[in-house]
Amino acid sequence: MNEMNENPLDLLPEVLLAASAVLGLLLGSWLPRARQWAVGLLAAGACVAGIVAAAVAAAEPATTAFGEAFAVDPVTSTSRIVVLAGTLLVLGVSFRALRGDPRESEFYVLVQLAALGALMMAGAQDLLLLAAAYLLASIPAYTLAGFRKDGPGTEAALKFYVIGALLGVFLLTGITVLYAAGRGTMYPMLGDALRDAPEPLIAVGAIGLLAGVLFKAGGVPAHFWVPDAVQGSSPPVAALLTTLPKIGALAALFRLGDAVFASSPLPWPALIAVLAAASMTLGNLGAFFQQDVKRLLAYSTISQVGYLLMPVAVAGRSDLAQQALLYYLAAYTVTNLGAFAVVCALPRAQTLDDYRGLARERPLLAASLAVCLLGLVGTPPTAVFLGKLEVFSAAFDGGFAWLAVLAAVNTVASLFYYLRWIVPAVSRSGAPRPAEGDRAARVVAYAATAVSLGLGLAGGPVLDVLSGPITH
């Protein structure tokens, strides 16, 4: 029997996040309500320490841990940094809104557990670990969706849970079928075994697996929960739901395509390409005439999954795929969270008309909103602009020129509904209806905008770092 490489330090960012969540739960049971914010500071400290640990691990050669079930490579390291940085931003927009809430510490713990699930999905190299990570990323998110215990939140949590439970069954079914076809759950073993496995079994297993992972990503056809769950949740939770789970899910899909399905008889690249086309198109169509800002961003995030799936479709077929996916994930995360930070900064502004005249009252906040929304379109010099260039190049290089052309058309079309929000916000007539705002969320919005611009300007060196080999 071979000795397993069980070194907990290989999972130091995950260990720090889990330990902080457990300690925060204990502290929350003893601290008075006025001091529950200490749990949030503990969570922020764990995220910062995790980012440092992930950066140190990224400088080391790619390796595996715990019997090759978890990979530590550029995909995992980048996902760790992006997820933990995104978690920091979510915590930042939550502090003021939750101050004095009787369940304040529980919120911070649930956010950390959801982020931990995304981290485990990104590094999983075994189907059983992927299933466990899926549950860890999902169950805290269900609770967060209904955290306010009001009507919209309860409806959001119920729809989110029902669809998640259903597609979770599909995921487990797909894993079972793939285990029957490949006689194993480890990705390298499956990749070799599926070459000669019956194609119907591979197809059924892959579809079940896709159903579950696409649910976490919010992509078509597992996207139905996104608009209602995002609209019914509080703005900080909506920011989390549209960002952090996507990182782990898309990293997991990329790893599956590169290590498991690349050599199988299943037309995996074509299947992912069709799903990418459907996600970006249907997401845009759904967003065109939305009036609620959270619902508009919900459909926007569905369309963004389509662009993010483009490098996944060419995993193993293009050398540009990995760096394109990882860079776009980082760019999308900071830009999307910047837009949601503006929503959190104006808690009473729920429709597009509520933002009319924002430039006169809060010009810096209006500028941040405009930069982030134009950034989601892919306007230079924001990070998403370079990210889209990379994914378009990867699609062309991988033989999906038609997908790149469709993505370009969808990019131009998306400008319409983002301008429907930007134009009233930057106009100087009228004034925004909400009288107060969240200062901490405004700071997060400014910081996210600056990072999005800085990441776009420093794209060359960042892309070089993201191109290392992944483990198999």
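How do the residues of the lining of the largest pocket divide into nonpolar, polar and charged? The split is 20 nonpolar, four polar and two charged. This is a predicted model: local features need pLDDT of at least 70, side-chain atom pairs count only at pLDDT 80 or more, and totals for chains, interfaces and linings use all residues. Residues are numbered from 1 along each chain as its sequence is written, and side-chain values use heavy atoms, without hydrogens and water.

**View 1. The largest pocket.** Its volume is about 600 Å³. T78, I81, V82, A330 and L466 are the closest to its centre, out of 26 lining residues. A pocket is an open set of points on a 1 Å grid over the protein atoms alone, where a 1.4 Å probe fits, with protein on both sides within 12 Å along at least five of seven lines; lining residues have an atom within 4 Å of a point. Volume is the space filled by probe spheres set on the points, joined across faces, edges and corners.

**View 2. Helices around the largest pocket.** α2 (37–58), α3 (74–98), α14 (321–345), α19 (439–457) and α20 (459–465) each supply at least two lining residues. α3 gives the most, with nine. Helices are DSSP runs (H or I, at least four residues), numbered from the N terminus.

**View 3. The second largest pocket.** This pocket holds about 290 Å³. Of its 17 lining residues, A97, R148, S234, P235 and P236 are the closest to the centre. α3 and α10 (235–241) give two or more residues each. α3 gives the most, with five.

Notes:
Ala, Val, Leu, Ile, Met, Phe, Trp, Tyr, Cys and Pro count as nonpolar, Asp, Glu, Lys and Arg as charged, and the others, Gly among them, as polar.
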